[in-house]
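Visitor: Please take a close look at one part of this protein for me. Pick a single residue, show me its surroundings, and then work outward.

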Amino acid sequence: MPYSIHYKRLYTVAATVSWVLLLINSLFVNSSSYPSALAPYAPLLGKFFKVCFIAFTFLTQRVSVETYRGTDFIGYLWKLFIRAGSTAYVCALLYFGYLRYENNSPGSHPILLGSIYYLNYAFLIYFLGKAFYIWRNMILFQKTRALQYEWKWFEIVIYATLLSNFFPLYLPNFVPLLGLFLLYTLFLCIHLRWVAYLTSTKKWRSIFLLIGIILSLITFYNIFTNFSPHQQSTGNLFEDPFVMLTCTFVGMYTLASLLVAVFNLPTSSVFEQKREDLLNFQRLSQSIQQGEDEPHVYKLMFESAIKASSADAGWLETQDDSGGVSIIEAENIDLEEVEQIRQALDKYHVSAVEYVNNNLDHNAGFKALNLPWRSLSVTPLRSQQRTYATLYLLKDVEQGFDREILNVIRTFTSQTILTIENLRLVAESLQNERVKEELKIASSVQESLIPKTFPSDSWFEISCFSQAAKEVGGDFYDFLQVSESRIAIIIGDVSGKGITAAFHMAQMKGIFHGLMQDDLQPVEFMQKANNALTHCLERTSFITAALYIIDYKLKGFFFARAGHCHTLYYNSMTEETFYFNTEGLGLGIIRDKSYGKRIHNMHYDYNPGDVMVIYTDGIVEARSSNQDEYGEDRLREMLSNTYHLEADDIKAAIINDLNNFSGEHIHDDQTLIVIKFRNDQPNLIL
């Protein structure tokens, strides 16, 4: 833009200076004050100043019009008429003002007349320059490379005719060339695509403006033809090839635009409606990308259908999953009329189907309602699975809904159904993503609740494995150092899976840490834990658990089983592998004091080299591809074969065997803890 402004100022100054010199040269060429040295060259200087003025004026308009952007074609016409075309009427006022002055002041006034002539001449060149380049913008609207090339040559030829001021060119002597040029001009004048983009209202405005521009051109012609040849110091203006050809081009394109605008008027409303339909269809299609909601889509469809069908009234009612109906859009109709039409449609059993009645008075039911409308269209918005809504349109005239209108309405409703279904899929997808994200957070929280490492001690080794079947699970284990020589280890399994199970697992962890601060025996802990869970566990839920308190000082461990899996044990003294088949009922199954009778305390002295394996049912109930269970026997056999290994190696061997058996398909949460008592004993302070 600064580049254009710079050149525009330069060309404007040059055009102004050349016009002033042209005026001075013409008015004072025969006066005594004119420099005698330049007198022989006065005609040549006059032509030079004239060519410079025309060229710089056109270049000024070329740069100025290049800044016009967009498709505001009425704005282009308005600028041409107001800024340039109106100067023709200024010229007329000046000319007729001079004639009046001449009548009141008889005599010759060559300086005044010459000044008025050159002022009018400047206005004409300015008008032609602006019209020339505004029409260029119109012609090159949606241009092609070929059209741009064709215009370039046209512009070069027009500018070349300026040389005729120095080399006299009498156009009537070149009729064939002139005819070719006129055909070429006519070819350029048929590029009127911009007219098709005007609405009916804008077409009317363009017609008035184009008429005004033609009248400006005619006014200029009449004014300059009234100047006598000797008054036209620049020569016969309309014998100048440049002025004649540019006037011809400007006149032809203005007239062609006017005719096309006039002949397009009768069909413009049809094309406007089609274009509006396409735009509305496009808006419906883009509703998803624009983040619109269902009410907006229904509103857009309703308004589009009303406009496309030119309906006088209508309403749109949606249907929810339970079959309830509610009106969300209505125009020019009240609820009483809606209810009357509904009842009439129910009477004819056509309320849930596509229905068109182009003469309501032929049906006694509708005629009795004395409605102001004569045509009715009912269009359900229905997919294969359900009905979303129903569109009702009414028109004052008979035969108001023809096949073309109905097709347009069906197109809108079909696109609306597609958009609504896509919107719901997008919403469902977002909800799933939100749930996944929440599960991911819950999984991270649960992961943080399960200890990753047990305290390192020379009394025993512990190795753990835990894997949830879903994002979050119901298995848990934990430990607590209750005294210098006693450590409590708990393992459990909450019934069910998912967020609820994970929530109960967190509750159980809190209960474990809270109760074991009092260094309870396993049975006492289970009784109090059962009592605590009574207040926070659903009736349909329960928890299986086993609590072990290993006492280094006594070289034994106490434990109680609350419905949990049997403890697998290897005795290094007897070299036997067996399960502790103790009894015990799960937590939360019985919620009264009788629970204490269903739980038992056990004690067992361990030996160095003994191995204890505790686990959840996801281990022994894992299934192969043949639906065979992994089972307690296979687990015991694995321990019998691996008891001599370190705790980590025993765990790894069992998990590898489990994965080979089940093919790594996890159906339930899996937790495994291997405890191996060592030979080395610490020096306890007794």
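Guide: Leaving aside residues up to four places away in sequence, Ile-207 touches Leu-258, Ala-261, Val-262 and Leu-265. The model is a predicted one. Ile-207 sits in helix 9, which covers residues 200-226.

Is Ile-207 buried or exposed? Its relative accessibility is 6%. The cut-off for buried is under 20%, so Ile-207 counts as buried.

Now the record. An unreviewed UniProt entry lists residues 207-223 as a "transmembrane region". Ile-207 therefore stands at the start of that listed span, in the numbering used here. The entry also lists 243-265 under the heading. Further spans in the entry include 12-29, 41-59 and 80-99. In the model, residues 207-223 are 100% helix and 0% strand. The end C-alpha atoms of that stretch are 24 Å apart. For residues 80-99, the figures are 95% helix and 0% strand. There the end C-alpha atoms lie 28 Å apart.

Next, step away from helix 9. Ile-207 and Glu-294 are 87 residues apart in sequence. In space, their C-alpha atoms are 43 Å apart. Helix 11 spans residues 294-309. This helix packs on a sheet, where it touches strand 1, strand 2, strand 4 (375-382) and strand 5 (387-395). The direction of helix 11 makes about 30° with that of strand 5.

How is that sheet ordered? Five strands form it, in the order 2-1-5-4-3. The sheet is open, and its pairing is antiparallel. Strand 2 (325-331) and strand 3 (355-357) are the edges, and each pairs on one side only. From one strand to the next, the twist averages 15°. Strand 1, residues 313-319, pairs with strand 2 over six bridges. Within this pair, Trp-315 stands opposite Ala-330 of strand 2.

Between helix 11 and strand 1 runs a loop that holds Ser-310. Check its backbone. Most residues other than glycine have a negative phi. Ser-310 has a positive one, near 55°. Its relative accessible area is 48%, so Ser-310 is partly exposed.

Asp-519 is another case. Its phi is positive too, at about 55°, and it is not a glycine. Asp-519 lies in the loop between helix 15 (498-515) and helix 16 (522-533). With 29% relative accessibility, Asp-519 counts as partly exposed.

Finally, the whole chain. It comes to 19 helices and 15 strands. Its radius of gyration is 49 Å, whereas a compact globule of 686 residues would have one near 26 Å. Along the principal axes, the C-alpha atoms fill a box of roughly 145 × 85 × 45 Å. Of the 686 residues, 47% count as buried, and Ile-207 is one that does. Among contacts with a separation of 6 or more, 73% come from residues 24 or more positions apart. The accessible surface is about 34600 Å². Carbon and sulfur atoms account for 57% of that surface.

Methods. Residues are numbered from 1 along each chain as its sequence is written. This is a predicted model: local features need pLDDT of at least 70, side-chain atom pairs count only at pLDDT 80 or more; totals for chains, interfaces and linings use all residues. Side-chain values use heavy atoms; hydrogens and water are left out. Two strands pair if DSSP finds at least two bridges between them. Helices (H or I, at least four residues) and strands (E, at least two) are DSSP runs, numbered from the N terminus. Axes are lines fitted to C-alpha atoms, for helices over the stretch in contact, and angles run from 0 to 180 degrees between N-to-C directions. Contact means heavy atoms within 4.5 Å. Buried means under 20% relative accessible area, exposed over 50%, partly exposed in between (1.4 Å probe, protein chains only). The radius of gyration is taken over C-alpha atoms; the globule rule is 2.2 Å times the number of residues to the power 0.38. Accessible areas come from the Shrake-Rupley method with a 1.4 Å probe; for residues, only the protein chains shown count as cover.
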